[in-house]
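Reader: Could you take me through one helix of this model up close, and show me how it fits in with the rest of the chain?

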Amino acid sequence: MATHSAQQHRSGFVKRLFVEHQRSLGMSWFSHGVGAVKIGAELIGAGCAAMIHAAVPGFFTETAGRTVARIYDHIQSRKAGSENPENWPDYEI
């Protein structure tokens, strides 16, 4: 049987994994998930373009760099428009 302290620890761990991050960004779990999947897919695409570019330098000459810059700009604009930009986590996605 788990102790009360162990249950609280487990509860805090679950809360940290599934609640705290997106709340700190002012997002729901669902909207955060949709945004993270979209950004992840864009980064996978940029990575694939970069690998093709490595083999054939004339292909996708700016794709990866532009994708990363666009995602960075998106994150920075969300940070600037947030309620508390000073507390915006650096690891945000």
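Author: Let's start with the contacts: of those in the chain that link residues at least 6 apart in sequence, 45% join residues at least 24 apart. Keep in mind that this is a predicted model. There are 3 helices and 0 strands in the chain, so the order from the N terminus reads α-α-α.

Now for the close look, at helix H3, residues 63-80. With 18 residues at 1.5 Å each, H3 should span 26 Å, and its end C-alpha atoms do sit 26 Å apart, so the two agree. Which residues of H3 are buried? They are Thr 67, Ile 71 and Ile 75. These three cover an arc of only 65° around the axis, which means that they lie on the same side of H3. Flip to the other side of the helix and you'll find Arg 66 and Ala 80 exposed.

What covers that buried side? Helix H2 (29-55) is part of the cover. Zoom in on Ile 71: leaving out residues up to four places away in sequence, Ile 71 touches Ile 39, Glu 42 and Leu 43.

Ile 71 and Ile 75 also belong to the largest nonpolar core, which has 6 residues in all. The other members are Leu 25, Met 27, Ile 39 and Trp 88, and Ile 39 is one of the residues that Ile 71 touches.

Stepping back to the whole chain, buried residues make up 16% of its 93 residues. The chain exposes about 7100 Å², with carbon and sulfur atoms supplying 64% of that.

Methods
Residues are numbered from 1 along each chain as its sequence is written. This is a predicted model: local features need pLDDT of at least 70, side-chain atom pairs count only at pLDDT 80 or more; totals for chains, interfaces and linings use all residues. Side-chain values use heavy atoms; hydrogens and water are left out. Helices (H or I, at least four residues) and strands (E, at least two) are DSSP runs, numbered from the N terminus. The expected span of a helix is 1.5 Å times one less than its number of residues. Buried means under 20% relative accessible area, exposed over 50%, partly exposed in between (1.4 Å probe, protein chains only). The arc is that of the directions from the helix axis to the C-beta atoms. Contact means heavy atoms within 4.5 Å. A nonpolar core is a set of buried Ala, Val, Leu, Ile, Met, Phe, Trp, Tyr and Cys residues joined through side-chain atoms within 4.5 Å. Accessible areas come from the Shrake-Rupley method with a 1.4 Å probe; for residues, only the protein chains shown count as cover.
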